[in-house]
Amino acid sequence: MLERFYGFKRKPFSLTPDPDFFFLSQDHVEALEHLVYGISEGEGFLMLVGGIGTGKTTLSRVLTRRLNDSIIYSLILNPFQDFVTLLKSIITDFGLVPIEDNKSDLIDQLIEFLLECVGPQGKTALIIVDEAQNLSNETMEQLRLLSNIETDKEKLLQILLLGQEELMQKLELNELRQLNQRISVRYYLSPLKQSEVGKYIEHRIEVGSPGKRIRFTRPALREIYKF
């Protein structure tokens, strides 16, 4: 209905995390720079935390577009799966066919791939876990152990955790203290500032329908910001 009434070519305010609509606020720029730096420096664990709707998932999509050819990645969107299923998803994303349903065999397959096909080619593998606060404690600990895969000179597997504030609270648990200590790059993504809301709306409208001019009043922008 909105498209017909306003003449939009694309929905400017769809909830789908579309990188084309990504608005680079100052906070988002800094978050992206932190993650790109951490990945380029070979840090084992990275974490991006923010409230609901602050753009974590979309930012991760932008990040994958900026990765160079030396980095292969697996994007995990369902954190509720058990570790064996998670492993199979990772292996599949890396272009392999999981050989077994056994955890030990799957880990061996992943290690062999990283040591024989990733490291020797000067590449790095990255696992991105969305909504990571929903991972079980056991799975998080297993991911920590996976991050130990490395050569004498560098890590072959990096892990980026995206999550809500509950992720920080979860990592304070005693049983996850070793994982918490491993996270060397952290960034908290704040909501848009009031001065950025209007620019955000203009940006999405311009991407959705270039040249389209739709004016929001200042009181309307204040209400949107408060909401």
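**Note on the predicted model: pockets, aromatic pairs and three residues**

1. Helix α2 (residues 26-40) gives the second largest pocket the largest share of its lining, 3 residues. The model is predicted, and the points below should be read with that in mind. The volume of this second largest pocket is about 210 Å³. Its lining is made up of 14 residues, and I39, S40, E41, I71 and T124 sit closest to the centre. By class, the lining splits into 4 nonpolar, 6 polar and 4 charged residues.

2. Now the overall picture. The protein has 227 residues, and 44% of them count as buried. Its secondary structure consists of 10 helices and 5 strands. Along the principal axes, the C-alpha atoms fill a box of roughly 60 × 35 × 30 Å. Take the contacts with a separation of 6 or more: 71% of them join residues 24 or more positions apart.

3. The largest pocket comes next. Its volume is about 1200 Å³. There are 31 lining residues, and those closest to the centre are I52, G53, T54, G55 and Y200. Three helices each supply at least two lining residues: α3 (56-66), α9 (194-208) and α10 (218-226). Among these, α9 provides the largest share, with 4 residues. The class count for the lining is 16 nonpolar, 9 polar and 6 charged.

4. How many aromatic pairs does the structure hold? There are 2. One joins F23 and Y200 in an edge-to-face arrangement, with 5.9 Å between centres and 75° between the planes. F23 lies in the loop between α1 (2-6) and α2, while Y200 is in helix α9, so this pair ties together parts 177 residues apart in sequence. F23 is buried, because its relative accessible area of 15% is under the 20% limit. Y200 is partly exposed, with a relative accessible area of 27%. Y200 also appears in point 3, as one of the residues closest to the centre of the largest pocket.

5. Which residues of the loop between β3 (124-129) and α6 (137-146) deserve a look? Q133 is one found in that loop. Its relative accessible area is 10%, and Q133 therefore counts as buried, the limit being 20%. Beyond its neighbours within four places in sequence, Q133 is in contact with L162, G163, Q164, E166, L167 and K170. One of these partners has a polar link to it: a polar atom of the Q133 side chain lies 3.1 Å from the backbone nitrogen of Q164.

6. E131 lies in the loop between β3 and α6. What is the phi of E131? It is positive, about 50°, although E131 is not a glycine. I would check the backbone here by eye. E131 is partly exposed, because its relative accessible area of 26% falls between 20% and 50%.

7. H34 brings us back to helix α2, where this residue lies. Buried or partly exposed? H34 counts as partly exposed, because its relative accessibility of 36% is between the 20% and 50% limits. Within the helix, its side chain reaches the backbone oxygen of E30 at 2.9 Å. Apart from neighbours within four places in sequence, H34 is in contact with V185, R186 and Y187. The C-alpha atoms of H34 and L46 are 9.2 Å apart, and the two residues are separated by 12 along the chain.

8. To close, two threads are worth following on the structure. The first is α9: Y200 of this helix pairs with F23, and α9 supplies 4 residues to the lining of the largest pocket. The second is α2: H34 lies in this helix, and α2 contributes 3 residues to the lining of the second largest pocket.

Notes: Residues numbered from 1 in each chain as written. Predicted model: local features only at pLDDT ≥ 70, side-chain atom pairs only at ≥ 80, totals over all residues. Heavy atoms only, no water. Buried < 20%, exposed > 50% of the residue type's maximum accessible area, 1.4 Å probe, protein only. Polar contact = N/O pair within 3.5 Å; in protein donor to acceptor, adjacent residues only side chain to side chain. Contact = heavy atoms within 4.5 Å. 1 Å grid on protein atoms, 1.4 Å probe; cavity = no way out; pocket = protein on both sides within 12 Å on 5 of 7 lines; lining within 4 Å. Points joined across faces, edges and corners; volume = space filled by probe spheres on them. Nonpolar A, V, L, I, M, F, W, Y, C, P; charged D, E, K, R; others polar. Phe/Tyr/Trp six-rings, centres within 6.5 Å; stacked < 30°, edge-to-face > 60°.
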